[in-house]
Amino acid sequence: MKAFVVYTLLRAVLFLAAWILILGVWKLVDGGAVTGSQLFFAAIGAFIVSGVASYFVLRGPREALAVRVEERASKAVSKFDEMRTKED
């Protein structure tokens with residue numbers, strides 16, 4: 001569970017950082033107040049940027065999460081096989 005929480009929090013932080021960066025650049029270029037449509041398009045851009053960046057930046061936490069999921073799946077399969085053997 002810890003690996004899942006860590007990975008999810010890191011993804012959220014990466015998304016927020018990208019969103020704030022895009023909004024900051026947009027405000028510097030545009031110079032006006034930030035509108036609702038700019039917030040929406042900045043969120044879409046942040047989603048894309050953070051998704052690509054997380055592939056490279058969050059490789060370690062993602063692999064740790066994958067190992068944990070694989071361990072739990074193996075335990076579940078072995079427990080299921082054990083129950084099936086007892087049943088037979």
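Student: Where is the place of Ile48?
Tutor: Ile48 sits in helix α2. Please keep in mind that this is a predicted model.

Student: Is Ile48 buried or exposed?
Tutor: Ile48 is exposed, because its relative accessible area is 52% and the cut-off for exposed is over 50%.

Student: Which residues make the nonpolar surface patch?
Tutor: Ile48 is one of them. The others are Trp26, Phe40, Phe41, Ile44, Phe47, Val52, Tyr55, Phe56 and Val57. The patch has an area of about 1,100 Å².

Student: And which helix gives the largest share of the nonpolar patch?
Tutor: That is helix α2, residues 36-57, which supplies nine residues.

Student: New topic. What about Leu39, where does it lie?
Tutor: Leu39 also belongs to helix α2. Its relative accessibility is 33%, so Leu39 counts as partly exposed; that class runs between 20% and 50%.

Student: How far are the C-alpha atoms of Leu39 and Trp19 separated?
Tutor: They are separated by 8.6 Å, while the two residues are 20 residues apart along the chain.

Student: Now the helices. How is a pair of packed helices described?
Tutor: One gives the angle between their axes and the distance between those axes.

Student: What are the values for α1 and α2, then?
Tutor: The axis of helix α1, residues 2-30, and that of α2 come within 8 Å, and they cross at roughly 130°.

Student: Why are they called oblique to each other?
Tutor: The angle of roughly 130° falls between 115 and 145 degrees, so it is neither roughly perpendicular nor roughly antiparallel. Therefore α1 and α2 are oblique to each other.

Student: Left-handed or right-handed crossing?
Tutor: The crossing in which α1 passes α2 is right-handed.

Conventions: Residues are numbered from 1 along each chain as its sequence is written. This is a predicted model: local features need pLDDT of at least 70, side-chain atom pairs count only at pLDDT 80 or more; totals for chains, interfaces and linings use all residues. Side-chain values use heavy atoms; hydrogens and water are left out. Patches are made of residues with over 30% relative accessible area and no salt bridge: like charges are joined within 9 Å, nonpolar side chains (Val, Leu, Ile, Met, Phe, Trp, Tyr) within 5 Å. Accessible areas come from the Shrake-Rupley method with a 1.4 Å probe; for residues, only the protein chains shown count as cover. A salt bridge is a side-chain nitrogen of Lys or Arg within 4 Å of a carboxyl oxygen of Asp or Glu. Helices (H or I, at least four residues) and strands (E, at least two) are DSSP runs, numbered from the N terminus. Buried means under 20% relative accessible area, exposed over 50%, partly exposed in between (1.4 Å probe, protein chains only). Axes are lines fitted to C-alpha atoms, for helices over the stretch in contact, and angles run from 0 to 180 degrees between N-to-C directions. Angles under 35 degrees count as roughly parallel, over 145 as roughly antiparallel, 65 to 115 as roughly perpendicular and the rest as oblique. A crossing is left-handed if the near helix is turned anticlockwise from the far one by less than a right angle, and right-handed if clockwise.
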